[in-house]
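Here are a few short exercises to help you find your way around a new model. Try each one yourself before reading the solution.

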Amino acid sequence: MAQKINIPVVIGGKVYTLSGYEGEDYLQNVATYINGKIAECKTSEQYRRMNTEYQGVLLALNIADDFFKAKEKADEIARDDTEKEQQLYDLRHEVIEAQIKHEAALKLVEEYKEQINALQRKIVQLEAEKDRKNDK
């Protein structure tokens, strides 16, 4: 099991200690994301006029919005993957069916070749018999 780590990060100009099992880079990326969302919100004059509690709620709403959009995109990708897996399965099945038909056709070709050879031998035999009868 991975060891839990604690790292200091700066979020909104204040130092916080983040803890987790994900790794230092991951935790730092989380802090960077939050700082980016704070900076994004601060570009709005209305946000800057809000009290701290409303700013926190608006920040949480923006993060939740990002989450739900990312989740929808991930779900869409998962659906696409499922559809593509089904298409791949169907195509593999079609290839197997085509291979079976191809092998059956090759077998038929061999059977027909044998029949042709047998018929050609019969023709030669009948012609030889005819020639013998004509020679008599």
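**Exercise 1. Find the residues that line the largest pocket of this predicted model, then sort them by element and class.**

Start with the list: I11, G12, K14, Y16, I34, I38, K42, Y47, Q55 and L59 line the largest pocket. Next, see which elements they come from. Two or more lining residues are given by each of β2 (14–20), α1 (24–42) and α3 (52–135). Helix α1 has the largest share, with three residues. Now sort the lining by class: you should get six nonpolar, two polar and two charged residues. To finish, note the volume, which is about 200 Å³.

**Exercise 2. Take Q55 from that lining and work out whether it is buried or exposed.**

First, place the residue: Q55 sits in helix α3. Then look at its relative accessibility, which is 18%. The cut-off for buried is under 20%, so Q55 counts as buried. What does Q55 touch once residues up to four places away in sequence are set aside? Its partners are Y47, R48 and M50. One of these, Y47, lines the largest pocket too, along with Q55.

**Exercise 3. List the residues of the largest nonpolar core and say which element supplies the largest share.**

Begin with the members. There are 10 of them: I7, V9, I11, L27, A31, I34, I38, C41, Y47 and L59. Then go by element: β1 (5–11) and α1 each bring at least two residues to this core. The largest share belongs to α1, with five residues. As background, nonpolar side chains tend to be buried together in soluble globular proteins.

Now zoom in on one member, A31. Ignoring its neighbours within four places in sequence, A31 makes contact with V9, I11 and L18. Check those partners against the core list: V9 and I11 are among its members.

**Exercise 4. Find the aromatic pair and decide how its rings are arranged.**

The count comes to one aromatic pair. The rings belong to F67 and F68, and their centres are 5.2 Å apart. Pairing needs centres within 6.5 Å, so these two rings qualify. For the arrangement, check the planes: they are at 70 degrees, so the pair is edge-to-face.

As a last step, are F67 and F68 buried, partly exposed or exposed? F67 has 48% relative accessibility and counts as partly exposed. F68 has a relative accessible area of 56%, so F68 is exposed.

Key: Residues numbered from 1 in each chain as written. Predicted model: local features only at pLDDT ≥ 70, side-chain atom pairs only at ≥ 80, totals over all residues. Heavy atoms only, no water. 1 Å grid on protein atoms, 1.4 Å probe; cavity = no way out; pocket = protein on both sides within 12 Å on 5 of 7 lines; lining within 4 Å. Points joined across faces, edges and corners; volume = space filled by probe spheres on them. Helix = DSSP H or I, 4+ residues; strand = E, 2+ residues; numbered from the N terminus. Nonpolar A, V, L, I, M, F, W, Y, C, P; charged D, E, K, R; others polar. Core = buried A, V, L, I, M, F, W, Y, C linked by side-chain atoms within 4.5 Å. Buried < 20%, exposed > 50% of the residue type's maximum accessible area, 1.4 Å probe, protein only. Contact = heavy atoms within 4.5 Å. Phe/Tyr/Trp six-rings, centres within 6.5 Å; stacked < 30°, edge-to-face > 60°.
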